[in-house]
Amino acid sequence: MIWKHTVGIIASCAILTLGILLNPFQVDAESLNWGFQKSKQEKQAQAGSAFDELLKKYGAYYKGSPDEKILYLTFDNGFENGYTASILDTLKKEKAPATFFLTGHYVESATDLVQRMVKEGHEIGNHSYGHPNMANLSEARMKEEWEKFDQILEEKTGVKKTRFARPPEGVFSEKLLAYGNELGYRHMFWSVAFVDWYADRPQGKEYAYNHLMNQLHPGAIILMHTVSPDNAAALPDFIRDAKAKGYTFSSLDALVNEAIEFPLSFH
């Protein structure tokens, strides 16, 4: 009986030692998943003090000033589903700037739309080249993802380098923010979002409109996906009704330029 316990203890110690040496959970432990408490009654969304302090340390944002009724439209584009042109038409008509966070696949497969975004004055953000879990990559691979995207963007549009980055699926780490700064990228998260990325599950114009209006707040950085017909249909009414409530629309570039405590350029 004692012998069996001794063998069990030795085996357990061996497994524990091996686990410590290999530490297979080390990378996952460093990963963070972006999240926040949604806005209600036009009060700002809150991500909590830990996220607030971490983002401030690296000049990252998820919202603007609570004292100004300014909104920042951002769109994530992984692939084209036929609705981006309509979104661009609305933005042009309403004179609302936006930032489009694109992947390499999108730039290569929907070049005409990307060129239109640039021509009409919208900012292009870096959503990585291949949409991997950026937090789990080495610094060399992080750099490759960002710079490969920038290279294809310059080839297709003439834009030499993106300044704003957004991690796929909101998975990030402090190392990602820090190394992004070293390479000249500022991370931009969001304070308004809803489930809108399933291209085959449309829920109607009112679904998107209600989510946008219910989460409306000063300084909101709004995330939408262009694959959704709901967003394309709701956007005209949302912009007009937000304006009727006293909101204006501005760019992430303007948001960052207004913040003098952290430089726009890291070089």
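How much area does the protein chain expose, and what share of it do carbon and sulfur atoms supply? In this predicted model, the exposed area of the protein chain is about 13,300 Å², with 55% of it supplied by carbon and sulfur atoms. The chain has 267 residues, of which 48% count as buried. The points below proceed from the overall fold to one strand pair and then to a surface patch.

**Overall architecture**

- The secondary structure of the protein chain consists of 11 helices and 9 strands.
- Among contacts with a separation of 6 or more in the protein chain, 73% are made by residues 24 or more positions apart.

**Strands 3 and 4**

- Strand 3 (residues 98-102) and strand 4 run parallel and are joined by 4 bridges.
- Within this pair, L102 is located opposite N126 of strand 4.
- Strand 4 spans residues 123-126, and its side chains alternate in direction: E123 and G125 point one way, while I124 and N126 point the other way.
- E123, I124, G125 and N126 are all buried, whichever way they point from strand 4.

**A nonpolar surface patch**

- V195, W197 and Y198 together make a nonpolar surface patch of about 280 Å².
- One of these residues, W197, is situated in the loop that lies between strand 7 (186-187) and helix 9 (205-214).
- W197 counts as partly exposed because its relative accessibility is 42%, a value that falls between the 20% limit for buried residues and the 50% limit for exposed ones.

Key: Residues numbered from 1 in each chain as written. Predicted model: local features only at pLDDT ≥ 70, side-chain atom pairs only at ≥ 80, totals over all residues. Heavy atoms only, no water. Buried < 20%, exposed > 50% of the residue type's maximum accessible area, 1.4 Å probe, protein only. Helix = DSSP H or I, 4+ residues; strand = E, 2+ residues; numbered from the N terminus. Pairing = 2+ DSSP bridges. Patch = residues over 30% accessible without salt bridge, like charges linked within 9 Å, V, L, I, M, F, W, Y side chains within 5 Å. Areas by Shrake-Rupley, 256 points an atom, 1.4 Å probe, with all protein chains shown as cover. Salt bridge = Lys/Arg side-chain N within 4 Å of Asp/Glu carboxyl O. Contact = heavy atoms within 4.5 Å.
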